[in-house]
Amino acid sequence: MRPIDLHTHSSHSDGTQTPAELVAAAMEAGLGTVAITDHDSTAGWTEAIAAAEGTGLTVVPGIELSTQLDYASVHMLGYYVDPADPALVAEMARIRAERFGRAESMVGRIGRDYPLTWDDVLAQTTPGATVGRPHIADALVAKGIVPDRTAAFQTVLHWRGGYYQPHKAPPPVTGVELIVGAGGVPVIAHPGARGPSSLFDDAKIRELVAAGLGGLELEHRDNAPERLPRWRAWADEHDLVVTGSSDYHGAGKPNRLGEHTTQPAQFRRLLQRARR
Ligand code: AMP
Ligand code: FE
Ligand code: FE
Ligand code: ZN
């Protein structure tokens, strides 16, 4: 069975490839299954599914919904959601609009110190895409201010870099409810990453499970090994699906397709949850 990678991004959010290019890259990498999970958007699904038709590659439709716990951002993957579900569509549109205003405001402040304008950022952005710091990073690169996205995130765009602004998003439990309400399976993305991991406790996890949380993305380069044992214990205790993924962003991040993958048995459990 060819590898299953359940978390990638296209140019409809902060990936650097169109959905068709992403599908071509997935086939080149030898994947059997790839999920397209743009931030707060389903806009890439149709093109990705069409590009994969007749190739033998399975495209799993997904999203990576922005949520927020206290001041930390928590990313909630949602697989097989109904892309026309009114509540989910409205919330994703609200988050995209909020992100747009937040990015514009950050760029206004950056522009006082660096030769960077909002038009420079728009020039790096696919119309309608979910705008984030990666697009500001691309504009900084295009202007020759930093060499690449990673350097931008380590300096100007760092949360302590002097220009950072958070963007508002609903709490994780609302994210779970929206995804379940749209018929999808919610999976917490990279739960052992720096930031929100320590804000979770038994009660918080129980609340999310009661709302319909389906899984945890335990195989991901951002999960720190020392934070994983408690997440593994929660996966066991609540019988959650365990996934693994690359979080590929094209040239925007060093993550390679298939660098982490989901076991076939776990993917089957995800499919079962999606059907009921
Ligand atoms: P934002 O949600 O606008 O605050 O930006 C965070 C997004 O930037 C995440 O979705 C990551 O995919 C991306 N990101 C974070 N760090 C880096 C990095 N070092 N290089 C490229 N992209 C990054
Ligand atoms: Fe991203
Ligand atoms: Fe994420
Ligand atoms: Zn992601």
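**Exercise 1. Is Asp-14 buried or exposed, going by relative accessibility?**

Solution. Keep in mind that this is a predicted model.
Step 1: the relative accessibility of Asp-14 is 9%.
Step 2: buried means under 20% relative accessible area, so Asp-14 counts as buried.

**Exercise 2. Work out which residues hold the iron ion (ligand 2), and where they sit along the chain.**

Solution.
Step 1: look around the ion for its donors. You'll find Asp-14 (OD), His-39 (NE2) and His-249 (NE2), at 2.2 Å.
Step 2: put these donors in chain order, and the spacing reads D-x24-H-x209-H.
Step 3: place two of them in the fold. Asp-14 belongs to the loop between strand 1 (4-5) and helix 1 (19-28), while His-249 belongs to the loop between strand 7 (241-244) and helix 10 (264-275), so this pair ties together parts that are 235 residues apart in sequence.
Step 4: check the burial of His-249. Its relative accessible area is 3%, so His-249 is buried.

**Exercise 3. Now do the iron ion (ligand 3): find its protein donors, then its distance to the iron ion (ligand 2).**

Solution.
Step 1: the protein donors here are Glu-64 (OE), His-75 (ND1) and His-190 (NE2), and they lie 2.1 to 2.2 Å from the ion.
Step 2: along the chain, these donors follow E-x10-H-x114-H.
Step 3: take Glu-64 and His-75 as a pair. Glu-64 is in strand 3 (residues 58-69) and His-75 is in strand 4 (residues 72-79), 11 residues apart.
Step 4: Glu-64 and His-75 are both buried.
Step 5: go from one ion to the other, and you get 5.4 Å between ligand 3 and ligand 2.

**Exercise 4. Describe how helix 1 meets helix 2 (residues 45-52).**

Solution.
Step 1: what do we need? Two packed helices are described by the angle between their axes and the distance between the axes.
Step 2: the axes of helix 1 and helix 2 come within 8 Å and cross at roughly 40°. That makes helix 1 oblique to helix 2.
Step 3: as for handedness, the crossing of these two helices is right-handed.
Step 4: pick out who touches whom. Helix 1 brings Pro-19, Ala-20 and Val-23, and helix 2 brings Glu-47, Ala-48, Ala-51 and Ala-52.
Step 5: sort those contact residues by class, which gives six nonpolar, no polar and one charged.

**Exercise 5. Find what helix 7 (residues 172-181) packs against, then look at its meeting with helix 8 (202-211).**

Solution.
Step 1: list the buried residues of helix 7: Pro-172, Val-173, Gly-175, Val-176, Leu-178 and Ile-179.
Step 2: these buried residues pack against strand 3, strand 4, helix 3 (86-110), strand 5 (185-188) and helix 8.
Step 3: zoom in on helix 8. Its axis and that of helix 7 come within 9 Å and cross at roughly 15°. The two helices are therefore roughly parallel to each other, and the crossing is right-handed.
Step 4: the contact uses Pro-172, Val-173, Val-176, Glu-177 and Val-180 of helix 7, plus Glu-207, Leu-208 and Ala-211 of helix 8.
Step 5: by class, that contact has six nonpolar, no polar and two charged residues.
Step 6: follow the chain past helix 7 and you reach Gly-183, with a positive phi near 80°.

**Exercise 6. Locate Tyr-163 and list what it touches.**

Solution.
Step 1: Tyr-163 is in the loop between helix 6 (149-154) and helix 7.
Step 2: the relative accessibility of Tyr-163 is 11%, so it counts as buried.
Step 3: leaving out residues up to four places away in sequence, Tyr-163 touches Met-106, Arg-109, Ile-110, Asp-113, Tyr-114 and Val-156.

Definitions and conventions
Residues numbered from 1 in each chain as written. Chains lettered and ligands numbered in written order. Predicted model: local features only at pLDDT ≥ 70, side-chain atom pairs only at ≥ 80, totals over all residues. Heavy atoms only, no water. Donors = N, O, S within 2.8 Å, 3.2 Å for Na, K, Ca; no water. Helix = DSSP H or I, 4+ residues; strand = E, 2+ residues; numbered from the N terminus. Buried < 20%, exposed > 50% of the residue type's maximum accessible area, 1.4 Å probe, protein only. Contact = heavy atoms within 4.5 Å. Axes fitted to C-alpha atoms, helices over the stretch in contact; angles between N-to-C directions. Parallel < 35°, antiparallel > 145°, perpendicular 65-115°, else oblique. Left-handed = near helix turned anticlockwise from the far one by under 90°. Nonpolar A, V, L, I, M, F, W, Y, C, P; charged D, E, K, R; others polar.
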